[in-house]
Amino acid sequence: MQYYSLQNHQHRVSFREAVIQGLAPDKGLYFPAEIPKLEKDFIERLEEYDPLYIARKVIQPFVGGDIPDNYLKQIIRDTVTFPFPLREVEENVYALELFHGPTLAFKDVGAKFMAGCLGYFRRGDDKPVTVLVATSGDTGGAVANGFYNVPGVQVVILYPSGKVSELQEKQLTTLGGNISALEIKGSFDDCQRMVKTAFLDQELQAHRQLTSANSINVARWLPQMFYYFMAYRKVKQWRKDAVVSVPSGNFGNICAGMMAAAMGLPILHFIASTNVNDTVPRYLKNGTYEPLAPVPTISNAMDVTDPSNFVRILQLFAQNERGLKASLTAYRFTDEETVAAMEEVCSKHQYLMDPHGAVGYLGLKKYMQSHPGHTGIFLETAHPVKFANTMPEDLQKEIDTPERVMQLFDKQKVSVKMDADYEQMKAWLMQ
Ligand SMILES: *Cc1c(COP(=O)(O)O)cnc(C)c1O
């Protein structure tokens with residue numbers, strides 16, 4: 001499989017190059033040159049296959065021959081190590097739980113898969129690669145865990161001091177080894193700006209090969225397709241009337257779902273559910289794409305106003321606006337609506353949602369009200385304990401904290417404190 005840059009369709013690279021570079025030299029996102037079609041028979045008999053086989057079958061065409069089959073099998077075995085349970089929350093409404101991985105949010109799958117690919121591509125290479133990543137919370141933990149002890153790969157994570165939860169901070173500052181955490185006295189936007197500046201810095205790049213582990217990297221983005229196949233495998237009645245609501249920030253997860261549908265998975269409609277950072281809902285309504293300043297919310301992993309992956313969704317529909325609107329609806333919800341949904345679902349259906357899942361639930365319900373007769377799934381993207389500090393107290397009491405999380409609180413945090421100053425970070429990276 002070849003990948004082209006969305007800035008210049010003539011610029012083509014292999015999967016290997018796309019993963020190592022992260023972003024094309026012209027700053028375009030990489031996009032697969034073809035969309036592979038899965039056989040009908042495979043889709044119809046999905047429930048007969050085991051998850052590891054399905055994952056391999058789905059991702060293999062995108063990897064091409066760049067990773068030998070046996071090695072790819074091993075990467076998938078290391079990635080899909082936990083279940084994706086589907087819970088019936090109320091009639092025709094299901095939650096697909098994506099938070100049973102090591103860091104309790106859905107980003108574990110993409111991070112681990114990318115780490116496996118990069119680890120393979122760097123084997124025997126004496127110039128190590130540095131994964132440089134900014135996090136508002138969940139990406140940092142998933143990347144730290146996914147890349148821990150991968151030979152030839154150094155990981156540097158920037159996070160805004162005092163703006164991530166205690167649990168998130170422990171996840172990214174306690175591993176040591178090849179993982180370093182830079183604690184930036186500033187905002188997430190400052191962290192992201194410093195990372196972007198580093199990618200443009202020739203002098204730094206000559207010193208250290210840098211790559212990104214955000215969902216702009218195809219190896220982090222594409223394996224998220226697995227979720228949609230795993231869900232489909234479990235809901236028989238989904239055959240005719242499936243709709244999925246995805247709580248969206250950078251739009252990587254939903255874009256992977258839409259890619260799965262383009263490969264032949266029969267999902268009728270997607271709902272992008274956002275918080276008040278609603279650039280995409282506004283765009284679909286009035287046709288103008290206009291990112292505003294980010295507003296902090298209780299679903300903070302979605303406080304994104306210029307979602308990087310939206311250009312990939314546009315490309316999937318080859319800029320055909322009618323096709324896009326027939327497949328995608330977007331809604332936005334306030335924090336008040338989100339809290340009310342968490343409270344209501346907990347008391348009525350005894351199901352505790354995290355704020356991100358709750359935004360997904362709201363989008364699903366809103367769509368199903370105006371389009372009755374569907375079976376709906378919303379993605380529950382994080383364990384409630386990760387966002388306990390933003391939840392009302394009566395709901396915090398309902399949280400069932402997993403054992404492995406309790407152990408994290410006893411570990412020692414190690415971080416390098418720094419101002420939101422690019423030169424300071426550069427000096428540190430040049431050492
Ligand atoms: C990252 C994240 C999201 C948003 O996913 P995108 O792929 O960026 O749209 C939603 N929920 C949680 C818990 C996340 O960590």
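1. Asparagine 92 counts as partly exposed, because its relative accessibility is 30%. The residue belongs to the loop between E4 and E5, and its phi is positive, at about 65 degrees, although asparagine 92 is not a glycine. Most residues other than glycine have a negative phi. The setting is a hairpin of E4 and E5 with two residues between the strands. As with everything in this note, these values come from a predicted model.

2. Phenylalanine 251 is a second case of this kind, since phi is near 65 degrees there, again a positive value in a residue other than glycine. The residue is placed in the loop between strand E10 (242–247) and helix H13 (252–262). With a relative accessibility of 4%, phenylalanine 251 counts as buried, whereas asparagine 92, at 30%, counts as partly exposed.

3. The two strands that flank asparagine 92 deserve a careful look. Strand E4 (residues 86–90) pairs with E5 in the antiparallel sense, over four bridges, and leucine 86 has leucine 96 in E5 as its bridge partner. E5 also pairs with strand E13 (residues 375–380), here in the parallel sense and over five bridges, and tyrosine 94 stands opposite isoleucine 377 in E13.

4. How many residues of strand E5 (residues 93–97) are buried? Five of its five residues are, and the strand is described as mostly covered. In a regular strand the side chains alternate between the two faces of the sheet. In E5, Val93, Ala95 and Glu97 point one way while Tyr94 and Leu96 point the other way, and all of them are buried; a reader inspecting this strand may wish to note that Glu97 is among the buried residues.

5. The ligand site can be described from its neighbours. There are 15 residues around the ligand, of which Lys107, Asp138, Gly249, Asn250 and Thr381 come nearest. Several contacts involve the backbone: a backbone N or O atom of glycine 249 lies 2.8 Å from an oxygen atom of the ligand, a backbone N or O atom of asparagine 253 lies 2.9 Å from a ligand oxygen atom, and a polar backbone atom of glycine 252 is 3.2 Å from an oxygen atom of the ligand. Taken alone, the ligand exposes 390 Å², and the protein buries 96% of that.

6. Aspartate 138, one of the residues that come nearest to the ligand, can also be related to glutamine 171, as the C-alpha atoms of the two are separated by 9.0 Å while the residues are 33 apart along the chain. Glutamine 171 is found in helix H7 (residues 166–173) and counts as buried because its relative accessibility is 7%.

7. On aromatic contacts, a search of the whole structure finds 19 aromatic pairs. In one of them, the ring centres of tyrosine 3 and phenylalanine 15 are 6.0 Å apart and the planes stand at 45 degrees, so the pair is tilted. Tyrosine 3 lies in strand E1 (residues 2–5) and phenylalanine 15 in helix H1 (residues 15–21), 12 residues apart, and the pair thus links distant parts of the chain. Both residues are buried, and ring pairs link them with Tyr71, Tyr120 and Phe121 into a cluster.

8. Finally, two charged side chains sit over aromatic rings. The charged end of lysine 57 sits over the ring of phenylalanine 42, 5.4 Å from its centre, and arginine 312 lies over the face of tryptophan 221, at 4.2 Å from the ring centre.

Technical notes
Residues numbered from 1 in each chain as written. Predicted model: local features only at pLDDT ≥ 70, side-chain atom pairs only at ≥ 80, totals over all residues. Heavy atoms only, no water. Phe/Tyr/Trp six-rings, centres within 6.5 Å; stacked < 30°, edge-to-face > 60°. Buried < 20%, exposed > 50% of the residue type's maximum accessible area, 1.4 Å probe, protein only. Lys NZ or Arg CZ within 6 Å of the ring centre and 35° of its normal. Pairing = 2+ DSSP bridges. Near = heavy atom within 4 Å. Polar contact = N/O pair within 3.5 Å; in protein donor to acceptor, adjacent residues only side chain to side chain. Areas by Shrake-Rupley, 256 points an atom, 1.4 Å probe, with all protein chains shown as cover.
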